[in-house]
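Work through these short exercises with the model in view. Try each task before you read its solution.

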Amino acid sequence: MITIQMTIDEKLLDKVDKKRKAIKKTRSEFIRESLKFMLEELRIQELENQHKIGYEKNPVNPDEFDVWEDEQVWV
């Protein structure tokens with residue numbers, strides 16, 4: 001791992017410290033896990049956007065999934 005220096009708003013740091021103490025994590029652990037979470041959220045957003053674009057380019061035909069209706073079990 002490498003050490004970095006960063007600037008952070010005092011109010012935000014206070015909130016981070018309160019939360020990370022409550023869950024017994026160091027600042028570094030909390031910030032690392034927060035960054036990983038944010039990167040995963042961005043990855044999911046990118047995939048969802050690709051999915052949306054795909055359906056915009058190739059919309060579902062009205063009868064495209066009708067063949068599966070007989071296979072469904074409605075309870």
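A patch here is built from residues with over 30% relative accessible area and no salt bridge, and nonpolar side chains are joined within 5 Å. Keep in mind that this is a predicted model.

**Exercise 1. The surface patch**

Task: Find which residues form a nonpolar patch on the surface, and place Tyr 55.

Solution:
- Step 1. List the members. Tyr 55, Val 60, Phe 65, Val 67 and Trp 68 form the patch.
- Step 2. Add the area. Together these residues have about 540 Å² of accessible area.
- Step 3. Place Tyr 55. This residue sits in helix H2, which covers residues 27–57.
- Step 4. Classify Tyr 55. Partly exposed means between 20% and 50%. Tyr 55 has 42% relative accessibility, so it counts as partly exposed.

**Exercise 2. The largest pocket**

Task: Describe the largest pocket by volume, lining and residue class.

Solution:
- Step 1. Recall the idea. Rolling a probe the size of a water molecule over the atoms shows where empty space is left.
- Step 2. Give the volume. The largest pocket holds about 370 Å³.
- Step 3. Name some of the lining. Among the lining residues are Met 1, Ile 2, Leu 13, Arg 27, Ile 31 and Leu 35.
- Step 4. Find the main contributor. H2 gives the most to this lining, with five residues.
- Step 5. Sort by class. The lining has eight nonpolar, two polar and two charged residues.

**Exercise 3. Salt bridges**

Task: Say how many salt bridges there are, then examine the pairs of Arg 27, Glu 33 and Glu 40.

Solution:
- Step 1. Start with the principle. Side chains of opposite charge can pair when their charged atoms come close.
- Step 2. Set the cut-off. A side-chain nitrogen of Lys or Arg must lie within 4 Å of a carboxyl oxygen of Asp or Glu.
- Step 3. Count. There are five salt bridges.
- Step 4. Take Arg 27. Its side chain meets that of Asp 17 at 2.8 Å, N to O. The pair links distant parts of the chain: Arg 27 is in helix H2 and Asp 17 in helix H1 (residues 10–22), ten residues apart.
- Step 5. Compare their cover. Arg 27 is partly exposed at 38%. Asp 17 is buried at 12%.
- Step 6. Take Glu 33. Its side chain meets that of Lys 25 at 3.2 Å, N to O. Glu 33 is partly exposed at 39%, and Lys 25 is partly exposed at 23%.
- Step 7. Take Glu 40. Its side chain meets that of Arg 43 at 2.8 Å, N to O. Both lie in helix H2, three residues apart, about one turn of the helix.
- Step 8. Look for a network. Salt bridges that share partners join Asp 17, Arg 20 and Arg 27 into one network.

**Exercise 4. A backbone angle**

Task: Find what is notable about the phi of Lys 24, and where Lys 24 lies.

Solution:
- Step 1. Recall the rule. Most residues other than glycine have a negative phi.
- Step 2. Read the angle. Lys 24 has a positive phi of about 55°, although it is not a glycine.
- Step 3. Locate Lys 24. This residue lies in the loop between H1 and H2.
- Step 4. Classify Lys 24. Its relative accessibility is 74%, so it counts as exposed.

**Exercise 5. Sequence and space**

Task: State how far apart Glu 64 and Glu 10 are, in sequence and in space.

Solution:
- Step 1. Place Glu 64. This residue belongs to the segment after H2.
- Step 2. Give the separations. Glu 64 and Glu 10 are 54 residues apart in sequence and 55 Å apart in space, C-alpha to C-alpha.
- Step 3. Classify Glu 64. At 39% relative accessibility, Glu 64 is partly exposed.

Technical notes
Residues numbered from 1 in each chain as written. Predicted model: local features only at pLDDT ≥ 70, side-chain atom pairs only at ≥ 80, totals over all residues. Heavy atoms only, no water. Patch = residues over 30% accessible without salt bridge, like charges linked within 9 Å, V, L, I, M, F, W, Y side chains within 5 Å. Areas by Shrake-Rupley, 256 points an atom, 1.4 Å probe, with all protein chains shown as cover. Helix = DSSP H or I, 4+ residues; strand = E, 2+ residues; numbered from the N terminus. Buried < 20%, exposed > 50% of the residue type's maximum accessible area, 1.4 Å probe, protein only. 1 Å grid on protein atoms, 1.4 Å probe; cavity = no way out; pocket = protein on both sides within 12 Å on 5 of 7 lines; lining within 4 Å. Points joined across faces, edges and corners; volume = space filled by probe spheres on them. Nonpolar A, V, L, I, M, F, W, Y, C, P; charged D, E, K, R; others polar.
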